[in-house]
Amino acid sequence: MKQELCMIRNWKRASVSLVEAVGSRCGLWMTALVLCGGVARLSALEARLQPQLLPPIIVIGQTDSLESDWTSGGLPGYWSREPSVADCAGVQDVAGFLKAVPGAAVVRNGPQTGIVQLRGLSGDRVRVAVDGATITPACPNHMDPPLHYASASGVQNLNVLAGITPVSAGGDNLGGAVQVDTLALRFATNHNMLGFGEAMTTFRSSNDGWDVSGQGGVANDKLGAAYQGSWQTANDLRFPGGRVRDTSYDTQQHGVQTGLKTDSGLWSVDAKVTRTRDAGTPALPMDMIEDDAWRVGLRHAGEYTFGSLESRFYYHSIEHLMDNYSLRPAGAMRMFSPATSDDLGFSLGTILPRGVHSFGAGVDFHRNAFDAHQQNAVTGLRQDTLNEAERSRVGVYAEWQAAWSEQWMTLVGVRSDTVWSDAANVEQFFAPSRPDALAFNAQNHSFIEPNFDAMACVRFTPNDSSSYELGFARKNRAPSLLERYLWTPLSASAGQADGRTYLGTLDLDSEVSHQVSASARWFGKRWEVRLTPFYNHVSDYIQGTPISRLDSAGKPVLQFQNVSEAELYGAEGALQLALLTNLIFRTSASYVRGRNLESDDNLYRIAPFHGNAQLEYRLGSWQNRVELEWAARQSETSAYNAEPETPGSALLHLETGYRFNQHFLALVGVQNIFDEHYADHLGGINRVTGSDVAVGERIPGAGRFIYVSANVSF
């Protein structure tokens, strides 16, 4: 009982989040109800909570207990984490936190392009929300994925739902959901003023990189305000063979939030700006020269006689500029490409507790307006990439959870999403593209995709040391703007970075996924084991398919088309073991296989069998960590785009830190101790000349390097 109340209180601290969104009074099913659920809702759950058997949400950094890392709870494939100072020191972006998450991987085309992959599905197939906002990358090659708009040092809570998700967690995705919460308000417990702050700086020798961040705020028991900011800069990455050209970056973020507690609940307003300059992406044909984004949001969470209610509104805008000559040697044609992406969204949800039953319902809306063109820097000639493209989605859902007994719980949900998409005629084009432009303009561009999702899960807890879950889901994803409206062959592929040219298809159908996932969890006071196998069958899977048309290199153009059948299957597992009160061992592993059943080929850019193992030791103020990060050989590669195989690797990392007092912590770490030359299979293929990495060679990871970090808080 005490542990679960602690879990609820931890969840209440997060701002609009997936975990806030889907709380329930049954512990493990906290991921089950209402995307819009939040602080007020969780307060009611806390009051009604009955004794359960589940562990709490864990705060990392408290390594004197077993439960101090990723917590497994909720539906099969759910993990939650509150990153510590030590976690932030060892990564350069938010995506770096995912390396220890079972079922997760990261696709990278450059140091600032962390694209989430869950159980083999990436990009638009995964719903990623930052502070409740759905962010559509402005780059047609996703060099600015959603996680680019959150800094690692600013993350308060990170939640991952791989595969099956409650319908309240959002529709229009197949792979699952990732929710990042950054700035969180604090309030005083009495009438006195509360002040708080934190500053952190980190240096990494791998790229002469500096991270500087700070946050702070003031509050009383009714009104609170907070600020969070960060600045990151780095040069090109070092590896055992030299430097990877075009991997430098400079980015900063600033966010503010203010909130007011009233009799009707909590009202809050938040705003954030992100500014990026000269961020290299060597696996893509262009680099991110400028990227300016801003966001504003409003949220209300209240408790009423009928139940709880929460609403969220946000607007996010990006102005993006990329070119192929500022950071890399200029080729035969100097090109630049501006793009804009504007996201508008809101959500409204309620939860109605009725005895052993809980009912949730809500509505959410998202609209993206996108525009991009490319221009010759010498002649001034320009061509539309996407002209005034729009994609809107309206979703409604209903969920029912029931606790039939202490052993049995169920959750069912249904959801309807309607997606509208449209694009204006191509107005400007290069001469060779004229036939494509005329053919595109002569066709209908407006489409409506009505989709229906459903899910059902059951949990069985036979005793105090085990629990089992089984879930089924039908999920849909409508085509993206790029897949539908890319009217002429271009090397724009939503970040696939395979060096091929792609062409859209107007009359694409929505992808339909049928998934089954199970999870078994065995645990004791000082140990926990979890195993989750899954299977996912996708009809009308959208991928680039070779057509008779050739690109300038003589390779077949890949057109986005519906593949009749594809499947993904695998398993992930995790183990935690407290060897001593101050010595903890944990390990996780993930495996996924993706196949195109229509062509009997492998799906492209799937993470290999991989995992890590950590041994953490704490003695008073001294903390230490040894980590082994490994990946097996990936030989199950896609033939349709000549994807190369990748050998396996094993990297050893060490970290030590000392807390001088409750306000100051110093950390020193060494990564890749044996200076191994390796390349992540999801790291992309180099396209930049004049580098110590040959064109066409897979981009290597960092060689041996040290990092030093200091954190001051009050």
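These legends describe views of a predicted model of one protein chain.

**View 1. The whole chain is built with six helices and 35 strands.** The chain has 714 residues, and 61% of them are buried. Its exposed surface comes to about 25700 Å². Carbon and sulfur atoms supply 59% of that surface. Now look at the contacts with a separation of 6 or more: 67% of them link residues 24 or more positions apart.

**View 2. H537 lies in strand β27.** This strand covers residues 527-550. Is H537 buried or exposed? H537 has a relative accessibility of 17%. The cut-off for buried is under 20%, so H537 counts as buried.

**View 3. The side chain of H537 meets the side chain of E565.** The two side chains share a polar contact of 2.9 Å. E565 also appears in the list of residues that H537 touches beyond four places in sequence.

**View 4. H537 has contacts beyond its sequence neighbours.** Which residues are in contact with H537, leaving aside neighbours within four places in sequence? They are V512, S513, H514, E565, A566, E567 and L597.

**View 5. Confidence is below 50 in pLDDT over residues 1-72.** The average pLDDT of the chain is 88. A score of at least 70 is reached by 89% of the residues. Over residues 1-72, however, the pLDDT is below 50. In the model, this stretch still has 273 contacts beyond near neighbours in sequence. Where pLDDT is low, predicted coordinates should not be read in detail.

Key. Residues are numbered from 1 along each chain as its sequence is written. This is a predicted model: local features need pLDDT of at least 70, side-chain atom pairs count only at pLDDT 80 or more; totals for chains, interfaces and linings use all residues. Side-chain values use heavy atoms; hydrogens and water are left out. Helices (H or I, at least four residues) and strands (E, at least two) are DSSP runs, numbered from the N terminus. Buried means under 20% relative accessible area, exposed over 50%, partly exposed in between (1.4 Å probe, protein chains only). Contact means heavy atoms within 4.5 Å. Accessible areas come from the Shrake-Rupley method with a 1.4 Å probe; for residues, only the protein chains shown count as cover. A polar contact is a pair of N or O atoms within 3.5 Å; within protein, one must be able to donate a hydrogen and the other to accept it, and residues adjacent in sequence count only if both atoms are side-chain atoms. pLDDT is the predictor's confidence in each residue, from 0 to 100.
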